[in-house]
Amino acid sequence: MSPANSVTPGGTPSHIVDYTAARLSRAIHAREVSCTEVLDAYLAQVDRLNPVVNALVAMVDRNALRTQASERDAQLARGESLGPLHGFPQAPKDIMPAAGMVTTRGSPIFAGQVSATDAVVFERMRAGGALFIGRSNSPEFGLGGHTYNPVYGTTRNAHNPAVSAGGSSGGAAVAVALHMLPVADGSDMMGSLRTPAAFNNVYGLRTSFGLVPHGPTEEVFFQQFSVAGPMARNIPDLALLLSVQAGFDARLPLTRRHEDVALLGQPLERDWRGARIGWLDDLGGHLPTEPGVLATCEQALEHFRTVGCTVESVAPAFNLEQLWNAWIDLRSFSVAGANAALYRNPATHALLKPEAVWEIERGMRLTALQVYDAARVRSAWYQVLRGLFEQFDFLVLPAAQVFPFDAGLNWPHEVGGRTMDTYHRWMETVVPATMAGLPALAAPAGFGPGGLPAGLQIIGPAQSDAAVLQIGHAYDQASGYARQRSPLLG
């Protein structure tokens, strides 16, 4: 084992948690560190910092975990490896089922419910060698961009525990930012990977639909908004987790075959001279933003120029209010379909938060023609962006319209002097990529005037996830924003 910078009270090298995920995987496979040492180092970090931020919940019995870690070490001793995540502590997001673990979905309706099976993405991570040490916290049903729920409470920001961690993958983002996990899974319907990544100064990739299996669920054809994806502190680590998550699964017929995702294995380095970036700004004044957000993002655009890109402002020619209305119709249609039974049952209805009731009631009122009209608007929006990609290689938007806000709030009710008319209107900046079904990487954009993180979305053409990772890597190398550590890390 390599010399330690410091040692935890249990005698474990504490610098292990500062390894990148890629380096950690190499060290484990070279047997420079044991899986047991890795587990103990991360559990010590959880003990030190999780009480401050409440990112990880439903922790697994430690004796059972150490038995699993010892088994991973024995496998390596026999020359056997399960994959890149061999011996990695992970904490699957508490939205989809994880076999043998509590899955509450942040709702008291499901408090204490133990799942019998894994979601496909968790099945793959487990088969790839991960040790599931607990769950990452999420808001109720994943609704809302702020991670709090009546089961586990509020998750707090990695850089300032007084403010929001974002959501719905808030626990995952905080755990990655504070080195309590080397990488983490998340999911994204309306910015659930992107908002917390922006709020915690890490990377989160909203993958193209079908790249990573998201389910199985009771409906596998219409649901095309929620996707699973990775979170990490840099792009090679993001790609490492994605390599385990991605690929076809017959239970989800719209997922993509292995040959369609093989490009993910290509080098991240690439010459970006002459590449064209379209800066969407606040969508021509349509998006209200907190003062300082746009200026912070615009300063970050300089790093694209540093690597050889040109950056030009552009405003899409589209009725953006029509796009928003189509979005909330399609979202409510999906949420109501999945949760109407809970609404109709008086016992479970009483336990639903108001935002869930609002979504379900909207969805139940929609007619078939309204849903079809919303799908037509969505299709027209995709064609507008497809046209922009004939002019630009990537489009860039703020990843959040606000800086992290008071963790005691349920959501921002006013942004930039405008009253928010729904519980999620303050997150409208994430809708363009979701509605077009495009890959979008949330990337750190530095820190605003108040010292809180901001983020950018790097949006690529359809199914260009590999290229989005490559431009994200160049941006990361040029900016260095993600290397700014939280004060909590010391």
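Me: Which residue's side chain meets that of Asp188 in a salt bridge?
Reply: This is a predicted model. Both partners of the pair are buried. The N to O distance is 3.0 Å, and the partner of Asp188 is Arg194.

Me: How many salt bridges does the structure hold?
Reply: Side chains of opposite charge can pair when their charged atoms come close. Asp188 and Arg194 make one such bridge. The count for the structure is 20.

Me: How many residues apart are Arg251 and Glu123, whose side chains meet in a salt bridge?
Reply: Their N to O distance is 2.9 Å. Arg251 sits in the loop between helix H7 (235–245) and helix H8 (258–261), while Glu123 belongs to helix H4 (residues 120–127). The pair links distant parts of the chain, and the separation is 128 residues.

Me: Is Arg251 buried, partly exposed or exposed?
Reply: The relative accessible area of Arg251 is 38%. Buried means under 20% and exposed means over 50%, so a value in between has its own class. Arg251 is therefore partly exposed.

Me: Which residues form one network with Arg425 through salt bridges that share partners?
Reply: The side chains of Arg425 and Glu321 meet at 2.7 Å, N to O. Arg425 lies in the loop between strand S14 (418–419) and helix H15 (431–436), and Glu321 lies in helix H11 (residues 320–344), so the bridge ties together parts 104 residues apart in sequence. Arg425 is buried at 11% relative accessible area, whereas Glu321 is partly exposed at 33%. The residues joined with Arg425 are Glu321, Asp421 and Glu428.

Me: How far apart are the end C-alpha atoms of helix H2?
Reply: H2 covers residues 35–53, which makes 19 residues. At 1.5 Å a residue, the helix should span 27 Å. The value in the model agrees: 26 Å.

Me: Where in H2 does a kink lie?
Reply: The bend is about 35 degrees. It comes shortly before the proline Pro51. The kink lies at Asp47.

Me: Which helices and strands do the buried residues of H2 pack against?
Reply: The buried residues of H2 include Val38, Leu39, Tyr42, Leu43 and Leu49. Polar names appear too, among them Asp40, Gln45 and Asn50. The packing partners are helix H1 (21–29), strand S1 (56–57), helix H3 (62–77), strand S2 (89–90), strand S6 (153–154) and helix H5 (170–177).

Me: What is the phi of Asn201?
Reply: Most residues other than glycine have a negative phi. Asn201 has a positive one. The residue sits in the loop between helix H6 (194–200) and S8, and is buried at 3% relative accessible area. Its phi is near 65 degrees.

Me: What is the omega of the peptide bond from Gly215 to Pro216?
Reply: Most peptide bonds are trans. The bond from Gly215 to Pro216 is cis. Pro216 lies in the loop between S8 and S9. Omega is near 5 degrees.

Me: Which residues make the nonpolar surface patch of about 430 Å²?
Reply: One member, Phe221, lies in the loop between strand S8 (203–206) and strand S9 (227–232). The patch is made by Phe221, Phe222, Leu254 and Phe333.

Methods: Residues numbered from 1 in each chain as written. Predicted model: local features only at pLDDT ≥ 70, side-chain atom pairs only at ≥ 80, totals over all residues. Heavy atoms only, no water. Helix = DSSP H or I, 4+ residues; strand = E, 2+ residues; numbered from the N terminus. Expected span 1.5 Å × (residues − 1). Bend = angle between axes of the 7 residues up to and from the residue. Buried < 20%, exposed > 50% of the residue type's maximum accessible area, 1.4 Å probe, protein only. Contact = heavy atoms within 4.5 Å. Patch = residues over 30% accessible without salt bridge, like charges linked within 9 Å, V, L, I, M, F, W, Y side chains within 5 Å. Areas by Shrake-Rupley, 256 points an atom, 1.4 Å probe, with all protein chains shown as cover. Salt bridge = Lys/Arg side-chain N within 4 Å of Asp/Glu carboxyl O.
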